[in-house]
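Got the viewer open? Let's take a walk through this one, a selection at a time.

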Amino acid sequence: MNYGIDIWSNDNFFIDNKKVKINYKSSPSLVKITKEIRDRGIRGPILLRFPHLIEKQINLIYKNFESARKEFDYHGSFNAVYPLKVNQYPNFVKNLVKIGKKFNYGLEAGSKAELLLAMTYNNENSPITVNGFKDEEMISLGFIACEMGHNITVTIEGLSELKNIIKINKDRFNCMPSIGLRIRLHSSGIGIWAKSGGINSKFGLTSTELIEAMEMLKNAGLIDKFKMIHFHIGSQISEIGPLKKALREAGNIYAQLKKIGADGLNSINLGGGLAIEYSQHTDDIKRNYTLREYANDVVYLLKDISTNKGVKEPDIYIESGRYIAASHAVLIAPVLELFSQEYTQEKLKLKEENPPLVQELYELYRTINREYAQEYLHDSIDHMNSLLTLFDLGYIDLIDRSNTEILVNLIIKKAIMLLRDLDSKELLRIQDMIQERYLINFSIFQSLPDFWGIAQSFPVMPLDRLDEKPTRSASIWDITCDSDGEISYNREQPLFLHEVDVVKEEYFLGFFLVGAYQEVLGMKHNLFTHPSEATVAISDDGYEIKDIVEAQSIIDIMEDLDYDVKEMRETLNAKIQNSSFLSEEAKKQILGEIYLFLNDNGYLKTIN
Ligand SMILES: *Cc1c(COP(=O)(O)O)cnc(C)c1O
């Protein structure tokens, strides 16, 4: 049982000596790093960031496009920008910018806030592209970026934006951003994120509007500023076919625009969309191409169209975000409880004289063996159903009912242990029947919002005990009190976890590939916030844990919600001070306790 690590991990992680380890330099185990962070007093979920995985993805993109350019003797340049919307957290972005410097890797912004981030942190001379809807202010901000010396292209989504840019240019200081036009393609991506492309998409200029835009630019004497056409057919493009179709369409539009006088036009921006394989099961693999194939197809098709149409090969820009960010972050969350844990032999309260069926269950439990395991299991379930009916009719009492539940649970666990070497359908069926609910110290709404919103699954596995066959079919419950905070057991893509005694041992689950979109989409449901995070830099002889940021304190969340925190503190104080039955001593202690709660985060703090 390797939890599909060979499918989704892209060799970033491997199993060795029972543990998940990081496949880089000194290869530390995730559980060791986790324990070290917890030794510093941090509890609850922890998000680990690995800068070497950001570097790996950036390297891969440039390397594959450079070899494609060599292979097809392509004369246009290759450029990439990182779309900030995928993850704007500082400990990710700052590392990315540092790593990207030698490639001239740039940033893409889709809002005023993101543009200001890009203007602050982008490497000198690296490109900035701006997409999304823009008012006059945002366009002015684009001019300011240019005036500050940034290499910026503002992509126009509609003709009114173009009007504004032409107008604003008259009032600014002799520096105009390059203009990109977002084109509306007939081709679209596939899957749940395909809405960004296609003729009905939210974005882009139709052919008619493109012609009109060209006229407007010519009339304003700004046609030379029009440098780029842009499209984005959707995120997580699982098949390469739609991209090739979109490229042919875009390539021909490029050639046409050049023919009708777009003399400055020299770039095609393909947007993002490179897919990540999230699957843990071979029969569920979603992505049907490699990065090499993607790069080769892009370069080959653009070369082919340019040659045929007799135009200069365009510079290529891509804006892949998910592909860059997803793998760098792993969420680690402790198991707090197994719901059937209370079913232990010590809890049995057998009487001198038990109802015959309870006595029978006890005998089944005592004598079950491998040969008869299945039979006994079926008998015990039969007995349980009869006993529950007897309870409803008033023939047995609550203690008998409790003994029944415990015994059947114990029989099932014993049967699974006895049969665990079998790979039988029957075993799967039994495991199905008695799923275990694992309560995990995290919020699905905060840390895996795409699971909640669009049923996107993320690889999950325990960090340790990987030499033992896990026997419990698992559903995962978070600590929000919302029934949607559950990843239920799925018999098509089953998750099995180990039997754990949480009183005696720690058991951590890792959720992988959570570095793209999840952090900033995360919701504060029940007022759980972004988990504590740490950045782990791995070297040849060890690793360094840096930039620990603890989860926000409760008082900070209140402030985010615009509560007057002074008022909250004073009201709580007054209520305690005015108590008629508390001693002065007690009041002092309670005030201290309230102070600590307000200044700590809201995740659970059992030993685990
Ligand atoms: C969201 C977005 C991207 C990034 O898409 P990924 O699927 O994360 O690669 C790139 N460009 C534009 C215009 C976008 O809207």
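Before the first selection, one term: a nonpolar core is a set of buried Ala, Val, Leu, Ile, Met, Phe, Trp, Tyr and Cys residues joined through side-chain atoms within 4.5 Å. Keep in mind, too, that what you are looking at is a predicted model.

**The big core**

Select Phe 13, Phe 50 and Phe 511. These are the residues with the most contacts inside the largest nonpolar core, which has 143 residues. Now add helix α9, residues 240-259: with nine residues, α9 gives the most to this core. Colour domain 1 (5-49 + 330-339 + 435-554) and domain 2 (75-326) separately; both give residues to the core, so it lies between them.

Zoom in on Phe 50. Which residues does Phe 50 touch, once you ignore those up to four places away in sequence? Show Phe 13, Ile 22, Leu 30, Ile 33, His 328, Val 330, Val 536 and Ile 538, and you have its contacts. There is also a second, separate core of 26 residues, and Leu 348, Leu 361, Ile 381 and Val 408 are among its members.

**Zoom out**

Show the whole chain as a cartoon. You should find 21 helices and 20 strands. Aligned on its principal axes, the protein has C-alpha atoms that fill a box of roughly 100 × 65 × 55 Å. Of its 608 residues, 54% count as buried. Two domains are already coloured; now give domain 3 (345-432) and domain 4 (561-598) colours of their own. If you place a marker at the C-alpha centre of domain 2 and another at that of domain 4, they sit 54 Å apart.

**A pair of helices**

Back to α9, this time together with helix α10, residues 291-309. Their axes are 10 Å apart and meet at an angle of about 30°. Angles under 35 degrees count as roughly parallel, and α9 and α10 are therefore roughly parallel to each other. Their crossing is right-handed. To see who makes the contact, show side chains on both helices: the α9 set includes Leu 243, Leu 247, Gly 251 and Ala 255, while the α10 set includes Tyr 294, Val 298, Leu 301 and Ile 305.

Stay on Ala 255, which belongs to α9. Is Ala 255 buried or exposed? Buried, with a relative accessible area of 2%. Beyond its sequence neighbours up to four places away, Ala 255 touches Lys 309 and Val 311. Then pick Glu 313: it is 58 residues from Ala 255 in sequence, yet the C-alpha to C-alpha distance is 9.5 Å.

**A strand stop**

Next, select strand β7, residues 151-156, and centre on Thr 153. Thr 153 is buried, with a relative accessible area of 8%. Leaving out neighbours within four places in sequence, display its contacts: Ile 128, Thr 129, Val 130, Ser 178, Ile 179, Gly 180 and Met 228. Draw a distance to Met 176 as well; it is 23 residues away along the chain, and the two C-alpha atoms are separated by 9.2 Å.

**Last stop: helix α4**

Finish with α4, residues 90-100. Eight of its 11 residues are buried, so α4 is largely enclosed by the rest of the structure. To see them, select Asn 91, Phe 92, Val 93, Asn 95, Leu 96, Val 97, Ile 99 and Gly 100.

Key:
Residues are numbered from 1 along each chain as its sequence is written. This is a predicted model: local features need pLDDT of at least 70, side-chain atom pairs count only at pLDDT 80 or more; totals for chains, interfaces and linings use all residues. Side-chain values use heavy atoms; hydrogens and water are left out. Buried means under 20% relative accessible area, exposed over 50%, partly exposed in between (1.4 Å probe, protein chains only). Helices (H or I, at least four residues) and strands (E, at least two) are DSSP runs, numbered from the N terminus. Domain bounds come from an automatic or database domain assignment. Contact means heavy atoms within 4.5 Å. Axes are lines fitted to C-alpha atoms, for helices over the stretch in contact, and angles run from 0 to 180 degrees between N-to-C directions. Angles under 35 degrees count as roughly parallel, over 145 as roughly antiparallel, 65 to 115 as roughly perpendicular and the rest as oblique. A crossing is left-handed if the near helix is turned anticlockwise from the far one by less than a right angle, and right-handed if clockwise.
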